Amino acid sequence: MAELGSKGVTAGKIASNVQKKLTRAQEKVLQKLGKADETKDEQFEQCVQNFNKQLTEGSRLQKDLRTYLTSVKAMHEASKKLNECLQEVYEPEWPGRDEASKIAENNDLLWLDYHQKLVDQALLTMDTYLGQFPDIKSRIAKRGRKLVDYDSARHHYESLQTAKKKDEAKIAKAEEELIKAQKVFEEMNVDLQEELPSLWNSRVGFYVNTFQSIAGLEENFHKEMTKLNQNLNDVLVSLEKQHGSSTFTVKPQPSDNVPAKGNKSPSPPPDGSPATTPEIRVNHEPEQAGVAAPGAALSKSPSQPGEAMEGTGGTEPATEAQDPKETATSEAASSSLPAVVVETFSATVNGAVEGSGGVGRLDLPPGFMFKVQAQHDYTATDTDELQLKAGDVVLVIPFQNPEEQDEGWLMGIKESDWNQHKELEKCQGVFPENFTERVQ
C-alpha cells in the first residue's frame, strides 16, 4: 500500500507539472495574441539585460585568461628547452658553467611561480566570480515562469468574477490560488531586484582587481627575469673574454638567390650556384690584334661616343670623334706592330666603318649595351618579365627611367624576338641578372 501511495504521489506531481505547463503555454499564447494583458516590469528587464551583458563579458574574460595562461606555459617550455640547449653546448672546461646551470634552474622556478600565481590570483578568482551566474540565471528563468502563473491565476479569477453565473466556491478557490501565485512571484522578484543591481555594480571592482593582479604579477616576473638575464649575460661576457682568440666571425656568403624586384622573389638557379659575370680577358698577342680590334670598334654605336671601349682593358675615357683610319693606325702603331699589320688593320677598320655605314649597329635595339646568355631556365612571374630558357641570348638595353631598376635586374629583349619582330615595346622585359652570363 505504501508503494502504491508513493506511486500515487509521484503521479500526482507529474500531473500537476503537466497542468502547469499547459496553463503557462495557454497564457503565453493569449498574451502574444493580445487577448490577455501581461505584467511587465521595465526596471527588472533592464537588470536582466545588464546581467546577460555581464555574463557575456565575464565568460570572454575567463576564456582569454585561460588562453593567456596557456601561452605562459608554452613560453615556459620554450625557455626551458633553450636553457637545456645552452647546458648541452656549454663545455665542462669553460668558466661559468655552474653559474649558467644555476641561472637556468632559477629561470625554470620563476616561470613556475609566475604561472601558479596567475592561477591563484586571477583564474580562480575569475572562476569564483562566474560561479554565481548560473544560479541567478536559473532564478531569473523561474521568476519568469512564476510571473506567467500569476498572470494566469489573475485572469482566471477575473473571468469568474465577470461571469454571468457566479460560482462562489470557484471564485473563492481562484482567489486563493491567485494570492498564492502572487506571493511566490513577489518573493522571487524582490530577491532578484536586490541582487541584480548589486551584481552589476560589482563588476567594476572585480575587473580592477583582476587586471591589477595580472599587471603586478607580470611586472614582478619581468623584473626578476631581467636580473637572471643580466647574470647570464655577465657569465657569457666573462667566457668571451677568456676565449677571445677563439671568436668566430661569421663572414657574409655570396647569395645565390635572385635579387628581389619589388615584391617578387623568383627562385634561385636550378643548380644552386649563382651565375657570375664572366671575366674580361685582354689578348695581347700581336697576331690577334688585327682581328680583335675591328670587332671592338663595331661593337659600339656611333651615337654613343662617350662610352668606354669594352674588351680593350683600357680605363681612358673616349676621345673626340676621329677618322677611323687615323684612330686604327695610331692604336696599332702604339702597340709596336709591324707595318704590314698596321696597314691591314687600318684597311679593315676603314672598310667596316665606311663601307657598312654603321649598319651593324642599326640591327640592334636602340641603346643596346651588351649581350647575355641564359644559363638557367627562368619562369616569369609577372607580365613585365622575360621568360627564359637556358641558351637564350638577350640584348640588354637601359631602363627608360633608371629609378625603376631594382638591384640585380636588367632590362632587355630576347635576340630571337628582336630579329623576328623588331618591336621593342612589345617584346622587352626585365630578368634576373644572375640567371645569365655576359657574352658580349
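Guide: A residue is called buried under 20% relative accessible area and exposed over 50%, and partly exposed in between. The model discussed here is predicted.

Visitor: Why does Glu 224 count as partly exposed?

Guide: Glu 224 has a relative accessibility of 37%. The term partly exposed covers values between 20% and 50%, so Glu 224 receives that label.

Visitor: What makes Lys 227 exposed?

Guide: The relative accessible area of Lys 227 is 51%. Exposed requires over 50%, and Lys 227 is therefore classed as exposed.

Visitor: How do you know that Lys 227 forms a salt bridge with Glu 224?

Guide: The closest N and O atoms of Lys 227 and Glu 224 are 3.8 Å apart. A salt bridge needs a side-chain nitrogen of Lys or Arg within 4 Å of a carboxyl oxygen of Asp or Glu, so the pair qualifies. Both residues belong to helix α5, three residues apart, which means a separation of about one helical turn. Elsewhere, Asp 135, Arg 139 and Glu 195 are joined into one network by salt bridges that share partners. The structure holds twelve salt bridges.

Visitor: What makes the contact of Lys 53 and Glu 57 a salt bridge?

Guide: Their side chains meet at 2.5 Å, N to O, and the limit is 4 Å; the term therefore applies. Lys 53 and Glu 57 both lie in helix α2 (residues 42-89), four residues apart, about one turn of the helix. Lys 53 has a relative accessible area of 42% and Glu 57 one of 29%. Both values fall between 20% and 50%, so each residue is partly exposed.

Visitor: How do you know that Asp 127 and Arg 66 meet in a salt bridge?

Guide: The N to O distance is 3.4 Å, which satisfies the requirement of within 4 Å. The pair links distant parts of the chain, with Asp 127 in helix α3 (residues 97-131) and Arg 66 in helix α2, 61 residues apart. At 27% relative accessibility Asp 127 is partly exposed, as is Arg 66 at 40%.

Visitor: Why is Asp 108 said to have no salt bridge?

Guide: The nearest side chain of opposite charge, Lys 80, is 4.5 Å away. A salt bridge must fall within 4 Å, so Asp 108 and Lys 80 do not form one. Asp 108 is nonetheless buried. Its place is in helix α3. Leaving aside neighbours within four places in sequence, Asp 108 is in contact with His 76 and Lys 80.

Visitor: What makes Asp 191 fit the accessibility requirement for a surface patch?

Guide: Patch residues must have over 30% relative accessible area. Asp 191 has 38%, so that requirement is met. The residue lies in helix α5 (residues 168-242). Together with Glu 186, Glu 187 and Glu 194, Asp 191 forms a negative surface patch.

Visitor: How many of these terms can be applied to the whole chain, and what share counts as buried?

Guide: Of the 440 residues of the chain, 30% count as buried. About 28900 Å² is exposed, and carbon and sulfur atoms supply 53% of that area. The chain has eleven helices and five strands. Among contacts between residues at least 6 apart in sequence, 70% join residues at least 24 apart.

Methods
Residues numbered from 1 in each chain as written. Predicted model: local features only at pLDDT ≥ 70, side-chain atom pairs only at ≥ 80, totals over all residues. Heavy atoms only, no water. Patch = residues over 30% accessible without salt bridge, like charges linked within 9 Å, V, L, I, M, F, W, Y side chains within 5 Å. Areas by Shrake-Rupley, 256 points an atom, 1.4 Å probe, with all protein chains shown as cover. Lys, Arg positive; Asp, Glu negative; His and termini not counted. Charge placed at Lys NZ, Arg CZ, Asp CG, Glu CD. Helix = DSSP H or I, 4+ residues; strand = E, 2+ residues; numbered from the N terminus. Buried < 20%, exposed > 50% of the residue type's maximum accessible area, 1.4 Å probe, protein only. Contact = heavy atoms within 4.5 Å.
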